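Visitor: I would like a close look at the pockets of this model, with the residues that line them described carefully. Please then set that part in its context by going through the cross-links of the chain and the annotated spans.

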Amino acid sequence: MLFFSVLASVAAIAGFAIAQSPPLSNFSSQDIASGAAWEKLQKLALERMHDNIDFRGNKCNFETATVRKEFRNMTLEHRKSFTDAVECLQRLPPQVMTHEQSAQYPGVHSRYDEYVATHINYTMTIHMTADFLAWHRFYVHSFEQDLKKHCGYTGHMPYWNWAEDAEAIDQSEIFNGDEYSMGSNGVYIPNRDHTYLGLQNVNFPPGTGGGCVHTGPFSKTKLHLGPIDSPYNNNVKSDYEDNPRCLVRDLNSFFSTQYNTYTNVTELLLGEIYVEGFQSLMQGYGSDANRFGVHGGGHWLGGGPSDLEDMHSSPNDPIFFLHHAMLDKIWLVWQYMDIWDRQFIIRGTSTMANSPPSPDMSLTDKIPFGFVAPDQTFHDLMDTFAGSFCYRYD
């Protein structure tokens, strides 16, 4: 009996070892553009995930893991409980910042602001770095846990599949402004000029809003931090300056139709077999053909000016967390296309585009999370079924 048990285990390991990512050529251009290929890849990833996790025999398994759903797949009650909890976190006093630190962080008025300040503080060491994906995975996870701990949220972190809305972001149900949405677009401001982004060499038209979110959740939200690197001459003079204002959106399909389509997602998943290429294309660097990636596109589809487009203070807009949950889902699917080679693979340094030059990161490195949480070991952020994690996506 033992012999056959061992034989079965060896066979299982061998089966996983040859379970590699299918080539892009397996799918028609129509299936890629429509999202049918993405659906098939998600299902394939879930099948491999189920086999892999059950084989491990861990306490956290496929059945016990929490399941993150697309925002529109949640019940209306759960949608509202999520946005209510986010607004609760925006009202909750800081939980980690000390009285002595408050003078250094005058713009931190809430637990939510502690998240924004942390992202501001580490922006230059968590983008175009080896830990971009892992850092944001734990950041979103911590946000979810705080919604539960401090605000009585009993659901799970949703994600936003922006590819479904790419052709007309402003028409998405997610931004229709009712009580079950993520709040409205900004008030429309006419007669605005195009915006030129020199780094990407892109000149884009104004979006469909431009003013304050005016109905639904977050229409009464008061922001305090940022912007810091917006191209609209409205940046604060110091990183943590108190700058009270409303939440601004200017939803703009100029970006989503080019960088956040099902074609973009599928080509990212299947066109990049090495993590360095995968994370580069996702963030839109190292390529003249795609200077935003699904990550940058997902920020700039918020339009400009908007709070989502500012690299440092973009968590000011709660849609940030749903956007990064979508990126995390894409990374998880990519990992499970070839889990034995991709589970713990990292490449890169700890500084943005390695400027200034820094050593390659390793899985034993400690990663700081500021006001959000204690430092974490890189290795512990690579597997959503281990450590402090126990979740998957629908």
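Guide: In sorting lining residues by class, Ala, Val, Leu, Ile, Met, Phe, Trp, Tyr, Cys and Pro are taken as nonpolar, Asp, Glu, Lys and Arg as charged, and the others, Gly among them, as polar. The model is a predicted one, and everything below should be read with that in mind.

With those classes, the second largest pocket has a lining of 8 nonpolar, 2 polar and 5 charged residues. The space in this pocket comes to about 240 Å³, and of its 15 lining residues, Ile273, Tyr274, Asp338, Asp341 and Arg342 lie nearest the centre. Two elements, helix 9 (275–283) and helix 12 (339–342), are those that give two or more residues to this lining.

The largest pocket holds about 620 Å³ of space. Its lining is made up of 28 residues, with Met128, Leu199, Gln200, Trp300 and Met311 nearest its centre, and the classes divide into 10 nonpolar, 14 polar and 4 charged. Helix 10 (residues 293–300) supplies the largest share of that lining, namely 4 residues.

As for the annotated spans, an unreviewed UniProt entry lists residues 127–144 and 317–328 under "domain: Tyrosinase copper-binding". In the model, residues 127–144 are 72% helix and 0% strand, with 21 Å between the end C-alpha atoms, while residues 317–328 are 83% helix and 0% strand, with 18 Å between theirs.

The cross-links complete the picture, and there are 3 disulfides in the structure. With the bonded cysteines counted along the chain, the pairing reads 1-6, 2-3, 4-5.

The 1-6 pair of that pattern is Cys60 with Cys390, whose sulfur atoms are 2.1 Å apart. The torsion about their S-S bond is about 100°, so this disulfide is right-handed. Because Cys60 sits in the loop between helix 3 (36–56) and strand 1 (66–68), and Cys390 in the loop between strand 7 (373–377) and strand 8 (391–393), the bond ties together parts that are 330 residues apart in sequence. Cys60 is buried, at a relative accessible area of 11%, whereas Cys390, at 26%, is partly exposed.

Cys88 and Cys151 are also joined, with an S to S distance of 2.1 Å, and here the torsion is about -80°, so the disulfide is left-handed. Cys88 belongs to helix 4 (residues 76–91) and Cys151 to helix 6 (residues 132–151), so this bond ties together parts that are 63 residues apart in sequence. Cys88 counts as buried at 17% relative accessibility, and Cys151 is likewise buried, at 18%; the cut-off for that label is under 20%.

The remaining disulfide links Cys212 and Cys246, with 1.9 Å from S to S, and a torsion of about -70° makes it left-handed. Cys212 lies in strand 5 (residues 210–213) and Cys246 in the loop between strand 5 and helix 7 (253–259), so the residues of this pair are 34 apart along the chain. Cys212 is partly exposed at 32% relative accessibility, and Cys246 is partly exposed at 22%.

Technical notes. Residues are numbered from 1 along each chain as its sequence is written. This is a predicted model: local features need pLDDT of at least 70, side-chain atom pairs count only at pLDDT 80 or more; totals for chains, interfaces and linings use all residues. Side-chain values use heavy atoms; hydrogens and water are left out. UniProt positions are given in the numbering used here, feature names are shortened, and annotations may be inferred rather than shown by experiment. A disulfide is a pair of cysteine sulfur atoms within 2.5 Å. Buried means under 20% relative accessible area, exposed over 50%, partly exposed in between (1.4 Å probe, protein chains only). On a 1 Å grid over the protein atoms alone, a cavity is a set of points where a 1.4 Å probe fits but cannot get out, and a pocket is an open set with protein on both sides within 12 Å along at least five of seven lines; lining residues have an atom within 4 Å of a point. Grid points are joined across faces, edges and corners, and a volume is the space filled by probe spheres set on the points.
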